[in-house]
Amino acid sequence: MSRLSVGSRSVAGKVVIVTGAASGMGRATAHLFADEGARVVVVDLAQGAVDRVVSEISAVHGGESVIGAVLDVTDVAGIGALVASVVDRWSTIDVLVNNAGISIGLPIDHVNHPEAWDRTIAVNLTSHVHMIRACLPYLKASATGGRIVNIASTEGLGASAMISPYTAAKHGVVGLTRSLAVELGAQNVTVNCVCPGPINTGMTSTIPDEAKMKFARRRVPMRRYGEPEEVAHGTLNFALPASSFMNGVIMQIDGGMLCQNT
């Protein structure tokens, strides 16, 4: 008897750009796509960190599976140059993962709040727009459909004190995802969003372990923080050719945190 399913769950050979890929969820995402046979572009700010991830992937999958790029995602000209170099190397772009982000914790009346606001919005929201605009012609031409996955946060579905720039930006990412899902759905491109909750990353590494445990016991039904790879698998699912009807989805990966009322 032949298979009943026709959708492919393979990303082998796909070209995937991952921003903020030198650590945490971005690094896990780059590794996972490479493990699944994709060709990965590792994008981040620091040359040394980019080189480390490229070396890690190359050691397992060979040098033809990965390239690195040092980029400040707020640099529009730099984004254009990156996209041109990827297309020159591999002729196409099939998946864009907008993962780069920062968090600057300041009260609204702090003297440095305006600068924190501008930088956070630029990195966490506006850069997504610039990356999408630059990649869009190639995503539209992707043989199995282009995929955009924006990484937001549960802060995009709720709020915490003292990080208003971050919270506002992540709400913006959710809104951007929904708007572009409507705009691009008929153009062979899906746009979806992952909202991680408490995850063990560099951004949360400064939180004392005792405080993490207390928070998880009180707020997370699974009673722990998540791991970067657990988020990466959610991102990968959106990129599968078989996920062609998943569009405008906002996926929480938070151990059930936002489901819990008490």
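Me: What makes Arg 224 and Glu 230 a salt bridge?

Reply: Good place to start! A salt bridge needs a side-chain nitrogen of Lys or Arg within 4 Å of a carboxyl oxygen of Asp or Glu. For the side chains of Arg 224 and Glu 230 the N to O distance is 2.8 Å, so the pair meets the rule. Please keep in mind that this is a predicted model, where local features need pLDDT of at least 70, side-chain atom pairs count only at pLDDT 80 or more, and totals for chains, interfaces and linings use all residues. Residues are numbered from 1 along each chain as its sequence is written, and side-chain values use heavy atoms, with hydrogens and water left out.

Me: Why is Arg 224 called partly exposed?

Reply: Buried means under 20% relative accessible area, exposed means over 50%, and partly exposed is in between (1.4 Å probe, protein chains only). Arg 224 has 34%, so the middle label fits. Its partner Glu 230, with 37%, is partly exposed as well.

Me: How many salt bridges does the rule give?

Reply: The count comes to four. Another of them joins Glu 56 and Arg 27, with 3.0 Å from N to O. This pair links distant parts of the chain, 29 residues apart: Glu 56 sits in helix α2 (residues 47-61) and Arg 27 in helix α1 (residues 24-35). Helices here are DSSP runs of H or I with at least four residues, strands are runs of E with at least two, and both are numbered from the N terminus.

Me: Why does Glu 56 count as partly exposed?

Reply: Its relative accessibility is 28%, which lies between the two cut-offs, so neither buried nor exposed would be right. Arg 27, at 34%, gets the partly exposed label too.

Me: How do you know that Glu 64 and Arg 89 form a salt bridge?

Reply: Their closest N and O atoms are 3.6 Å apart, and that is within the limit, so the pair counts. Glu 64 lies in the loop between α2 and β3 (66-70), while Arg 89 belongs to helix α3 (residues 76-90), 25 residues away.

Me: Why is Glu 64 called exposed?

Reply: Glu 64 has a relative accessible area of 57%, which is over the upper cut-off, so "exposed" is the word. Arg 89, at 35%, counts as partly exposed.

Me: What is the phi of Met 162?

Reply: Phi is positive there, about 80 degrees, although Met 162 is not a glycine. You will find Met 162 in the loop between β5 (146-151) and α5 (164-184).
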